[in-house]
Amino acid sequence: MEPALNILVLMEETIRICDGESASDLRQSLQRLNACLFPVKYKDTYYRDAVLAGSYTKLAFYKDACVGNIACRLEETGPYIRVYIMTLGVLPSYRRMGIGSKLLQSVLGLCQQDPRVVDVYLHVQTNNDEAMEFYKNFDFQIVDTIFNYYIRLDPPDCYVLSRRLR
Ligand code: ACO
């Protein structure tokens, strides 16, 4: 059975979480959004991991339009889980409306409920000031800098941001 996906539906002031996006619909929506959002073509493993993460991967809708996503990978080590945010993005016309925050809050809420989750982490390009400002609001800390992390981006360096949960 395909894992259920939570869809974050934003209709002006009303937020609704629903289940039931199929894996192929999810993949198509992620592909469409990522092509507009990121200068990287994601491999099959990204889409496989995003679907396997179940409710930790979400789409945001504004009215009928699919305008953002958060896609996670769950990394299990013994009894613990680390949640890795592979992508978080909102289409340019829909930014600064709180949609990115709602996507991230929704994932952080799931993390709080699962005692196995120890932290949430991600990589962000060192010149991505907008994303750094955004994650600062959610108490993410820089825990590492990796030089030459990206092969095709300039600058090629990234920060590792992490928020510990327990
Ligand atoms: N400049 C400064 N601060 C910002 C900016 C910005 N451009 N964008 C968001 N913030 C901060 C502000 O404090 C903002 O609060 P305010 O609007 O009340 O001032 C707060 O973050 C919340 O903003 P939201 O409206 O919730 O965020 P948004 O929906 O615009 O999404 C995101 C933010 C996802 C970073 C968006 O800008 C985006 O899609 N950027 C391109 C993709 C990207 O860089 N993604 C992150 C890369 S890392 C990764 O994917 C794992």
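1. The contact to open with involves Ser101: an N or O atom in the side chain of Ser101 lies 2.5 Å from an oxygen atom of the ligand. The model is a predicted one, and the distances given here should be read as belonging to that prediction.

2. Two further pairs also involve oxygen on the ligand. In the case of Arg96, a side-chain N or O atom is 2.8 Å from an oxygen atom of the ligand. For Val90, a backbone N or O atom is 2.8 Å from a ligand oxygen atom. Thus Ser101 and Arg96 take part through their side chains, while Val90 takes part through its backbone.

3. On its own, the ligand has 970 Å² of accessible area, and the protein covers 77% of this. As to location, the ligand sits in the largest pocket.

4. The shell around the ligand draws two or more residues from each of these elements: strand S5, helix H3 (residues 99-113), strand S6 (117-125) and helix H4 (129-136). Strand S5 supplies the largest share of the shell, with six residues.

5. In total, 23 residues surround the ligand. The closest are Leu88, Val90, Arg96, Gly100 and Ser101. Three of these names recur in the pairs described above: Val90, Arg96 and Ser101.

6. Turning to the fold, the protein comprises four helices and eight strands. Read from the N terminus, the order of elements is β-β-α-α-β-β-β-α-β-α-β-β.

7. Which residues of helix H2 are buried? Within this helix, which spans residues 44-52, they are Tyr46, Tyr47, Asp49, Ala50 and Val51. The cover over the buried residues of H2 includes helix H1 (23-37), strand S4 (65-77) and strand S5 (80-90). Strand S5 therefore deserves attention on two counts, if a reader will allow the plain listing: S5 is part of the cover over H2, and S5 also contributes six residues to the shell around the ligand.

8. Just after H2, the backbone at Gly54 adopts a positive phi of about 55°.

9. For the chain as a whole, 47% of the 166 residues count as buried. The exposed area of the protein is about 9500 Å², of which carbon and sulfur atoms supply 49%. Among contacts with a separation of 6 or more, 59% are between residues 24 or more positions apart.

Methods:
Residues are numbered from 1 along each chain as its sequence is written. This is a predicted model: local features need pLDDT of at least 70, side-chain atom pairs count only at pLDDT 80 or more; totals for chains, interfaces and linings use all residues. Side-chain values use heavy atoms; hydrogens and water are left out. Buried means under 20% relative accessible area, exposed over 50%, partly exposed in between (1.4 Å probe, protein chains only). Contact means heavy atoms within 4.5 Å. Accessible areas come from the Shrake-Rupley method with a 1.4 Å probe; for residues, only the protein chains shown count as cover. A residue is near a molecule or strand if one of its heavy atoms lies within 4 Å of it. A polar contact is a pair of N or O atoms within 3.5 Å; within protein, one must be able to donate a hydrogen and the other to accept it, and residues adjacent in sequence count only if both atoms are side-chain atoms. On a 1 Å grid over the protein atoms alone, a cavity is a set of points where a 1.4 Å probe fits but cannot get out, and a pocket is an open set with protein on both sides within 12 Å along at least five of seven lines; lining residues have an atom within 4 Å of a point. A molecule sits in a cavity or pocket if more than half of its atoms lie within 2 Å of its grid points.
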